[in-house]
Amino acid sequence: MIYMDNAATTALSREALQEMLPYLTECYGNASSIYRFGQRARKAVEDSRRRLASLLGVRPMELYFTSGGTEADNWALLAAAENAGGGHIITSAIEHHAVLNSCKYLERRGFSVSYLPVDRRGFVRPETLEREIREDTFLISIMAANNEIGTVQPIAELGTIAHRHGILFHTDAVQAFGQIPIDIEGMHIDLLSASAHKLYGPKGVGLLYLRRSVRLPALLHGGAQERGKRAGTENVAGIAGFARAAELAFSDMSERAARESVLRDHLIARIEREIPDCFLNGDRRERLPNNVNFCIRGVEGESLLIRLDQQGICAGSGAACSSGSLEPSHVLRALGLSHADAYGSLRLSLGRETTREETDLTADSLREIVRELRTQQES
Ligand SMILES: *Cc1c(COP(=O)(O)O)cnc(C)c1O
């Protein structure tokens with residue numbers, strides 16, 4: 001199998017699994033118990049919080065563990081909205097559904113939302129953001145890097161604008177965290193969402209960074225876990241695995257990015273050279289080091305994925321959550337692509353283990369599959 005879908009999820013690293021195992025076996029105590037057996041679990045949770053905080057350059061008390069990126073996004077938006085009581089939110093048209101559908105929900109609850117357009121390469125323009133700000137805007141939420149086309153947003157500029165107007169700034173950094181540098185202070189970030197399973201950690205655990213000066217209501221009501229803001233017995237093993245995975249991702253971030261972007265550009269170059277009538281989506285330079293996204297004219301994304309799967313290659317089209325639906329990707333539509341082009345899209349996302357040979361095999365298969373699908377259509 002050739003795994004080219006690391007933007008959908010990554011393999012759990014051996015190191016993260018090792019870190020988790022004690023809390024799935026002998027050390028099963030409840031982190032909220034008084035006895036020392038439970039206190040070992042408590043220590044694992046608080047150690048993990050400290051380690052993650054130090055990677056982000058924030059205080060441990062500013063991090064809250066969640067069940068993943070979706071929960072962190074929901075929390076950020078819903079809590080900011082509840083706190084404001086009414087008013088206006090600005091986000092972009094290319095956000096993950098966790099943000100977009102939270103905004104849709106808030107619209108039904110009487111809030112107004114602006115979905116900023118992006119340019120052809122997927123950038124939110126700072127001047128577009130500035131123009132959209134209203135008297136009652138209380139939150140701006142723009143993703144750090146896009147999960148489909150890999151475009152990395154000018155977060156520092158956007159955050160500066162938000163803060164100049166005294167508006168809260170949230171970023172969905174699920175794709176960026178552990179892949180590209182994030183500077184909470186320099187980028188003026190008040191709230192940030194991250195998820196473990198996108199950086200070789202376990203599924204079902206993530207975090208919300210919440211700046212200490214920002215007071216927001218709780219997400220889940222119950223016990224006093226997460227300082228009363230997110231009740232529920234802690235996912236100790238998941239949290240420990242998350243911390244380990246993040247440490248590893250940060251420790252080799254620049255070498256990994258350098259290595260993956262060489263493979264990425266090699267794959268892009270081969271596809272552009274060998275497959276007629278296709279084009280790259282997203283920006284060429286300001287792009288996640290592992291993301292390749294193409295529109296291939298005259299073939300359906302679905303058929304491509306099925307044929308690649310038959311060759312043992314796992315790839316993605318739109319977002320994992322919207323494939324299976326007949327709607328073309330909202331991200332590609334926002335770039336201005338036609339319905340037809342948006343249907344013919346393919347995302348290949350490389351990972352830590354991807355080899356040059358695998359990128360070559362993928363390019364070979366893709367070229368043959370596209371040729372066959374196009375001949376079938378002609379006849
Ligand atoms: C995967 C992803 C999410 C959702 O994270 P989960 O942990 O799977 O809930 C949110 N935003 C982006 C950009 C993502 O890529």
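A polar side-chain atom of His197 sits 2.8 Å from an oxygen atom of the ligand. The protein covers 88% of the 390 Å² of accessible area that the ligand has on its own. The model is a predicted one.

**Ligand shell**

Two further contacts to ligand oxygen atoms join that of His197. Gly69 brings a backbone N or O atom to 2.8 Å from a ligand oxygen. Gln175 uses an N or O atom of its side chain, at 2.7 Å from an oxygen atom of the ligand.

| Residue | Protein atom | Distance to a ligand oxygen atom |
|---|---|---|
| Gly69 | backbone N or O | 2.8 Å |
| Gln175 | side-chain N or O | 2.7 Å |
| His197 | polar side-chain atom | 2.8 Å |

The shell around the ligand counts 13 residues. Nearest are Thr70, Asp172, Gln175, Ser195 and Lys198. By class, the shell holds 2 nonpolar, 8 polar and 3 charged residues. Which element gives the largest share of the shell? Helix α3 (residues 69–84) does, with 3 residues.

**Cavities**

How many cavities of 30 Å³ or more does the model hold? The count is 2.

The largest cavity has a volume of about 100 Å³. Its lining is made of 15 residues, and Gln179, Lys198, Tyr200, Arg256 and Asn290 are the closest to its centre. Lys198 thus appears in two settings: it is among the residues nearest the ligand, and it is among those closest to the centre of the largest cavity. The lining of this cavity splits into 5 nonpolar, 7 polar and 3 charged residues. Domain 1 (14–251) and domain 2 (253–378) each supply at least three residues to that lining.

The second largest cavity encloses about 30 Å³ of space. Its lining has 10 residues, with Glu95, His96, Asn147, Glu148 and His330 nearest the centre. This lining comprises 3 nonpolar, 5 polar and 2 charged residues. Where does the second largest cavity lie with respect to the domains? Both domain 1 (14–251) and domain 2 (253–378) give residues to its lining, so the second largest cavity lies between them.

Key:
Residues numbered from 1 in each chain as written. Predicted model: local features only at pLDDT ≥ 70, side-chain atom pairs only at ≥ 80, totals over all residues. Heavy atoms only, no water. 1 Å grid on protein atoms, 1.4 Å probe; cavity = no way out; pocket = protein on both sides within 12 Å on 5 of 7 lines; lining within 4 Å. Points joined across faces, edges and corners; volume = space filled by probe spheres on them. Nonpolar A, V, L, I, M, F, W, Y, C, P; charged D, E, K, R; others polar. Domains from an automatic or database assignment. Near = heavy atom within 4 Å. Polar contact = N/O pair within 3.5 Å; in protein donor to acceptor, adjacent residues only side chain to side chain. Areas by Shrake-Rupley, 256 points an atom, 1.4 Å probe, with all protein chains shown as cover. Helix = DSSP H or I, 4+ residues; strand = E, 2+ residues; numbered from the N terminus.
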